[in-house]
Structures are given as structure tokens and as C-alpha cells.
2 protein chains.
Amino acid sequence: MEAGNLSDVDVGEIGEFGLIERLRRALPPAGDRVTLSIGDDAAVWRAGDRFALATTDTLVAGVHFLPGCVDWRDVGWKSLAVNISDIAAMGGEPAVALVTLCLPSGTAVETVDALYAGIGEGARAYGVDVAGGDIVASPVLTITVALYGTAARRADGTPAILRRDRAVAGDAIAVTGWLGGSAGGLRSLRDRDEESPSGIALIARHMRPRPRIDAGRAAVAAGVCCAIDISDGLLQDLGHVCESSGVAADVWLPRIPIEPALIERYPGDAAMLAATGGEDYELILVAPESALAATGAALGTPLAIIGRVRAGAGRARLLDVDDREIDVSRAGWDHLKRAGGSA
Amino acid sequence: MEAGNLSDVDVGEIGEFGLIERLRRALPPAGDRVTLSIGDDAAVWRAGDRFALATTDTLVAGVHFLPGCVDWRDVGWKSLAVNISDIAAMGGEPAVALVTLCLPSGTAVETVDALYAGIGEGARAYGVDVAGGDIVASPVLTITVALYGTAARRADGTPAILRRDRAVAGDAIAVTGWLGGSAGGLRSLRDRDEESPSGIALIARHMRPRPRIDAGRAAVAAGVCCAIDISDGLLQDLGHVCESSGVAADVWLPRIPIEPALIERYPGDAAMLAATGGEDYELILVAPESALAATGAALGTPLAIIGRVRAGAGRARLLDVDDREIDVSRAGWDHLKRAGGSA
């Protein structure tokens, strides 16, 4: 539409994050109603005496899961869970979901039954009401969930939430749980290791993520202001926090808590998978150490402190035990960018 | 999952509405939070001193529009407008939208720019904030919008909304605007009549629907309690009201206001297209005549009274000037059912 030969440029060259930035500029600026718009884990706006949160995530057959290799119940669970994780990353409470199914003609009714059984399990586990949606014909089976949640209002009128743009030099960086399990599960699926105890455990981490609503809410209550969930990978997601906050971050590889089954199954790659693998849906919390300690105390488990925020320009570095930077090329996951595409 | 050979049954045999009913039973029942769940134009739940509304609709390339025959700006507009229409049908105010794009690799950036320009035009026209969404790779270009709106609370604590299940025997049935224009526009596109004044007008009705937020809000203020928007077609959508309300309805064909350009372009089919064509996104309002008259007065235009609700079992009939029923086979649009599939 604008300058130059845009018809020669395709979305793969710009990538997901370039496209989001481009679209943000194309849309009218958000009105006064909206507290937080494109660029965090969820949108936030005033709703009576509380704040409303909303997020949406899509799973596409053949892109996000392989139809022949999955239990449809797991796909249903995951389609809801990835959205719940965005609400967790805001420190909110999930409330109401809308589910859209795009179904190829000839889809077996039992496939849809299993999908909904998994969604129903997730809804029960997290207290979510599935209250509507849409069903349309499509050549590709696709599941989109839109999830609404709420957050309380602080005494000063601002929402009691966790934001990406609140990291400050000197803050400590913590993560919940163990990392790398989901990436290990994806590898186990590819290796067809679906029967060993570690393979089973890793696949469960991949297909049945457990979003950390508990940790998000405990963090808000403890005074933490900054978080993101791990969907693209620890380093890449921490990089989003750094960009939004205008800071840099150092993470020490030896301090990252690694999924035990991953160490057992893929010992040589376990640490790097924990640092860069996506879809763990644990939380990265960034705050003064006292607030992180209070969060851990509320959860009954100390949080692993893995790094530190410092002044600098928008990048997270991975360091070894001697403070030397580890090269992490092709870390994380861009949904549109080609392997080897330009930065 | 349950009885019998479900793997032999595909979704085309059950159809969209059969599937919705099936899924409603598969999910846990909605909690106390939710006032209105699956089965109306939008979900409704309490949110502070007001009520929240949410709806979602999807457009799939090749199913809902033909990529070679459309202006992407129009597709963007429509993707938002069909959702705004659901909020209009509830008598609510639209507020915040999330937009999900599923993009095939190689999609031109200018296509996405045009889509977003159209969404931006709709957002400006209806005061909607686009505050987030998702972008994923997919073999099929698909646009899903989730739209969040609000409704006021009545003095008795219930939401001030229009519902499908509030039609009562004796109520009059009114429609806003003129009908059939969108179906005529689809036919004009197929006939490649994109240059005659009537063809242009009809295609605009098809690609740039103007949801009736004004009429929905005026109806709520005038005491109307029952409405639906025309997405599947007048008779089919009125049938949904009849099923939800446990009543029957008579509509007189000669009373239906027909889009003038449709009469000009397709005079022989105009009346039936107005009665059965989908996607006009006007409203059907069902209420005592006095409330419909007050709604029309507030809008500055009398509403066309086209029929009457009577006791009976869940069906809308189309009658000629002599009260004889007109056979309307294959009316409306089921998104999954095959032509000729079983009822």
C-alpha cells in the first residue's frame, strides 16, 4: 500500500515480530479505555471495578501439531492451556473462553468429541467457562481459543498485573518449574520414544502444559510487576522483556533448572534445550530479590534465580559459569520467519 | 468416544448446529459467572457494575471469500463487521477486538497491510480498539476476530440485552433496513457484474456490511428483549429465535423490505433472496408493537413489521399474501452440512 515494491515482499521475510510491529502502526491508536494493547501477553482494559484481560492463540494442524501423532484430547487441552498461560503471565485469573474450530469436510465426529473432551478437562482444571465460539468449514483443521480474564485494581487505580515493560536494572530474574521438558517431548515424539518413562514424561510436558496461574497470582500479591510466559523459549522471551523495558539481561546457563527427564533422555542437549526450547509455559519473573523470595514463599517452593537485569539495549545474553557469552543462534521460534531468513 | 461407530460419522452429516448441540453437552456446564452461554449471538457474564459480552467469527479463504475476487480491505472490514453485528444483536456496545491471522508462506505484505487497513476502518467507524491477537503460519489464509463488548445492568440486576429466547406468542416481528442485498452482491460477484450501479451497490452490501449497533441499542432502550442478526438468512435466523423461545412465527413475504438494487438487478428472485439470503447483518427484533414503534421512533425510521409470533413448536413459516405457506427448501446456510445431507 505504501512505499516501494511491497508485492515483492512476503511475510516470511518480515517475520512474525516485524509484522506485529507493522500492524500496530497500521491500526488506529488504542483509546483511553485500553491500558495495555498489542505487545504484551494479553490486552488489558478497565471493566467496572476490575480490569479485563484478553488473549487469543491458535493451533494449526501440520504446523503446531501433527494430526497422525497426537491424541486429540491433548490437542484440546493444549489449545486452552496456551491461552491460560498468557493470563498467568499477566498475573490474572482466567474466566471465559470462546472456541473456534475450522474443520475440513470429512472430519470424524469422534475427533471433535476428543478435542472438546480435552478442552473440557482444561476448563474444569482452571475454572474456565467455555461460553461460545464459532464452527466453520476449512481445508485445514485449526483451533483458536480467545480467553478473557480479570485482574484486580490497585489502590492507585492501576491494574494489579505483570507487564513486559517493567524490568529495571538490578532486578533479579527467576523462573518457575523446570525448563526444556516441552522441547524434549517434541524430540521424543520425533524419535518415536513414546514408551520409556522419560519419553512419556517429556511428551506429557509437551502436550499437557500446566500454566502457572498460581505463580502469576502469587507474584502480583508479592509486589512483582514484570513477567512473561515461556512460549518461544527462555532466552527469546526474556529478550521480549528486555526490548519492552529498554534493558539488557544476563542469564547463567548453570543456574537454569532443567527438567529431570530431559537430563535423563537427552543429557548432551538438555541445558541448551532448557535455555532455548519453547512451549514450557512456565513463567519468567523479574523483580527485586525480596519480591521473588516472597513469591516463592507463597508458592511453598523457592524460585530459581537464573540471572540479572542490567542497563543496556534490549537483549538477553546466555553466560557460562565463567561469565563468557554462549552463542545461541537460531534460538526460539518465529512463527513466520524462514530458517536462514534475514534478520 | 461414546456409543457406536462414531469414526464412521463425519461432521458434514451432523452439521454445524448438530455439532454445537453435541459440544454444548460435552463441556462442563457454565458456572454462576456466566449469564448466557453457547446458543445466543454472544456470551454474557457479569463484569463489575456492567455485563461483558464476547463473540468470535472466522473468515476462511476459499470458503467465505474468494481470494482472486476480493479487495483485501473489504475482507478486513467484513471480518470485524460480522463480529460487531453479533454485539448489535445483543443490544450491546463493542469495545475491544483481538485479531488472529493465519497466513500461508509467501503471503504478500501488501495483502496483510490491506487487510489491516480495512480492519482499521471498521475499528474507527465503530469505536473498537484492536488490542491484540495472534499471527501464525497456515496453509490457508484465515482471519478470526474475537470481539468483546459491554451491556448495562437493569435495575433488577439482569443485563440490558436482547436474547434469542425471549419471543412470546403475540409479539410482532420487525426487521431493520432492506434485505437480500448481500445475497444479491454474491450473485453479482459470480456474474462478474462489478460495474453496473446496481451491481456495485449489491457488492458493497455483501463486502461492507454495516452492523446495526444503533438499532440494537435503541431496541434495548425501548424495552425490546428479543433479537438476532441476519447472518444465515431471515427465515433461518428467525427459526433460531423460535427454537430458543419455544414458539412459532409467521412471516409475510410481501411485507419484507427488499433491497432496491436487488429488485432492479434480479427482479425475479429478489423477494426470495430477501427472505432467505444470508449476511445482511440487519436485525430481527421481536417484541410488542409498541416497543418496536418506540425503537423506530428513536432511530428516526419506522421499522418494517413483517410477521407475528404464535404458539407452536420452533419453526418460522413464510406466507404469501393469502396466508398460504411458501416452500423454502434449502434456505439459509449451514457451514458444515453438505447440500442434500440429511436433516
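Helix 2 of chain A lies across strand 8 and strand 10 (283-287) of chain A, running at about 170° to strand 8 of chain A; helices (H or I, at least four residues) and strands (E, at least two) are DSSP runs numbered from the N terminus, and such angles run from 0 to 180 degrees between N-to-C directions, with axes being lines fitted to C-alpha atoms, for helices over the stretch in contact. The model is a predicted one, in which local features need pLDDT of at least 70 and side-chain atom pairs count only at pLDDT 80 or more, while totals for chains, interfaces and linings use all residues. Residues are numbered from 1 along each chain as its sequence is written, and chains are lettered from A and ligands numbered from 1 in the order in which they are written.

Strand 8 and strand 10 belong to an open sheet of six strands in chain A, which has the order 8-10-7-11-9-12 and mixed pairing; two strands pair if DSSP finds at least two bridges between them. Strand 8 (226-229) and strand 12 (316-319) of chain A stand at the edges with a single partner strand each, so one side of each has no neighbour in the sheet. Direction ignored, neighbouring strands of this sheet are turned by 25° against each other on average. Within the sheet, strand 7 (residues 172-175) and strand 11 (residues 304-310) of chain A pair in the antiparallel sense over four bridges, and Ala174(A) stands opposite Ile305(A) in strand 11 of chain A.

The domain assignment, which is automatic or from a database, divides chain A into domain 1 (6-151) and domain 2 (164-319), whose centres, taken over C-alpha atoms, are separated by 21 Å. Between them, 20 residues of domain 1 of chain A are in contact with 20 residues of domain 2 of chain A, contact meaning that the C-beta atoms, placed from the backbone, lie within 7 Å. Helix 2 (residues 72-89) of chain A supplies eleven residues, the largest share of the side of domain 1 that touches domain 2.

In chain B, the axes of helix 2 (residues 72-89) and helix 3 (residues 109-126) come within 6 Å and cross at roughly 40°. The two helices of chain B are therefore oblique to each other, since angles under 35 degrees count as roughly parallel, over 145 as roughly antiparallel, 65 to 115 as roughly perpendicular and the rest as oblique. Among the residues that make the contact are Trp72(B) and Ile84(B) of helix 2 of chain B, and Thr111(B) and Tyr126(B) of helix 3 of chain B.

Technical notes
Contact = placed C-beta atoms within 7 Å.
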